[in-house]
Amino acid sequence: MRFLVAVDGSRQSEQTIEYAVELAEATGASVTLVYAVDPEVYSEGGMEPISSLSDADQRLIIEDIEDAERRAEDVLDEAVRIAENLGVEVETETIYGDPVVSIPSFAESEGYDNLFVGHQGRSERTERVIGSVAKGIVERSSIPVTVVR
Amino acid sequence: MYDDILVPTDGSDCARRAVEEAVRLATAFDAALHTFYVVDTELSGAEGGGAVVFDELEAEGERIVRDVVERAEDAGVDTIEASVATGVPYRSILDYCEEYDVDLVVMGTHGRTGLERTLVGSVTEKVVRTSDVPVLTVSLPSE
C-alpha cells in the first residue's frame with residue numbers, strides 16, 4: 001500500500017499527516033507527502049506600472065513562482081519533521097497546478113492506493129462561496145480519499 | 001486504529017464499492033462493521049401515499065443491508081451491526097457516529113439518482129463537510 005498525503009501547512013494538514021502516518025504504521029504502507037504549487041495564483045503580474053489603488057490591490061498579492069516554490073519547500077520540510085517525530089520515514093513530492101485538479105491526477109497517475117486530505121472547518125456559507133479543497137479532491141479523485149478533520 | 005467502521009449504504013454501485021473497502025478495513029483491523037440504510041423522510045414525505053412509499057423503502061433498505069451483512073460475514077468480519085433508520089440521511093449518519101463512537105465512515109462519492117452521478121452525492125458531500133470523524137470516500141472506476 002502507498003499513501004499520498006496532501007499538505008498545505010495548515011493545522012488540519014498536520015493532523016492529516018499524523019493520521020496517515022499512524023494508519024501507515026498499522027498497515028505497513030509507505031507515505032508520500034505532496035504539495036501543489038499553484039502558479040495561477042502567482043502569475044498575474046502586469047506590464048504597466050501601478051496607476052490606481054485597485055491596481056495595487058490586485059497586484060500586490062502577486063507572489064513570485066520562486067517564492068511559492070520556497071514556500072512549498074518550507075511546508076514540506078515542516079511536514080517531514082512532523083512525520084519523523086512520529087518515527088516514520090516519508091517521501092515528498094512537489095507538483096504544480098490547482099491542488100483540486102493536480103493532486104488527484106498525480107495520485108492516480110503515480111498509482112497511489114489512498115489519498116489523505118485535511119478538511120478545514122469552514123461554515124457552509126463560506127464554503128459555498130470559496131469552495132473546499134477537500135470536497136474538490138473527493139469529487140475528482142478516482143482513488144479512495146480519506147478526509148480528516 | 002479502527003474499532004468501529006461505519007458504511008452507510010443506499011444500495012448503489014458506488015456504495016457497494018464502499019462496502020468492499022469497509023469490509024476490507026474491518027477485516028484488517030479486526031474492527032466492528034456497522035452498516036445502515038436511511039429511509040429519507042424528506043423524500044418519502046408524509047404527504048399523499050407516503051406510508052406506502054415508506055414501507056417499500058424500508059423493505060428495500062432491509063434487503064440492501066442484509067446483502068452487506070452477508071458479504072461481511074463471508075469475508076470473516078466478526079462483529080456486524082446492521083439497521084434501517086429513518087430520518088435525514090446525513091444527520092442520521094452523524095448521529096450514528098456519535099452514538100457508536102465510530103472511527104471511520106466509508107462512503108461512495110456518487111449517489112443513486114441520475115443527477116448526482118456527475119457530482120459528489122449530496123449526502124456524502126454533507127458528511128465530508130460536517131463530520132468530525134474521518135471520512136473515506138470511494139468512487140466508481142471511471143469508464
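## Strand pairing between chains

Two strands pair if DSSP finds at least two bridges between them. In this predicted model, strand 5 of chain A and strand 5 (residues 135-138) of chain B are joined by three bridges. The two strands run antiparallel. Within this pairing, A:Val147 stands opposite B:Val135.

## The shared sheet

The sheet is open and has 10 strands. Their order is 3(A)-2(A)-1(A)-4(A)-5(A)-5(B)-4(B)-1(B)-2(B)-3(B), with mixed pairing. Strand 3 (91-96) of chain A and strand 3 (80-87) of chain B are the edge strands, and each pairs on one side only. Direction ignored, neighbouring strands are turned by 25° against each other on average.

Inside chain A, strand 1 (residues 2-6) and strand 2 (residues 30-37) run parallel, joined by five bridges. A:Arg2 has A:Ser30 as its bridge partner in strand 2 of chain A.

## Helices on the sheet

Helix 7 of chain A packs on the sheet. This helix touches strand 1, strand 4 (114-118) and strand 5 of chain A, together with strand 5 of chain B. Its direction makes about 160° with that of strand 4 of chain A.

Helix 4 (residues 89-100) of chain B also packs on the sheet. There it touches strand 1 (4-8), strand 2 (32-40), strand 3 and strand 4 (104-108) of chain B. Its direction makes about 150° with that of strand 2 of chain B.

## The chain A side of the contact

In total, 20 residues of chain A are in contact with 18 residues of chain B. On the chain A side, helix 1 (11-27), helix 7 (133-140) and strand 5 (145-148) each give two or more residues. Helix 1 of chain A supplies the largest share, five residues. By class, this side has nine nonpolar, six polar and five charged residues.

Methods: Residues are numbered from 1 along each chain as its sequence is written. Chains are lettered from A and ligands numbered from 1 in the order in which they are written. This is a predicted model: local features need pLDDT of at least 70, side-chain atom pairs count only at pLDDT 80 or more; totals for chains, interfaces and linings use all residues. Two residues are in contact if their C-beta atoms, placed from the backbone, lie within 7 Å. Helices (H or I, at least four residues) and strands (E, at least two) are DSSP runs, numbered from the N terminus. Ala, Val, Leu, Ile, Met, Phe, Trp, Tyr, Cys and Pro count as nonpolar, Asp, Glu, Lys and Arg as charged, and the others, Gly among them, as polar. Axes are lines fitted to C-alpha atoms, for helices over the stretch in contact, and angles run from 0 to 180 degrees between N-to-C directions.
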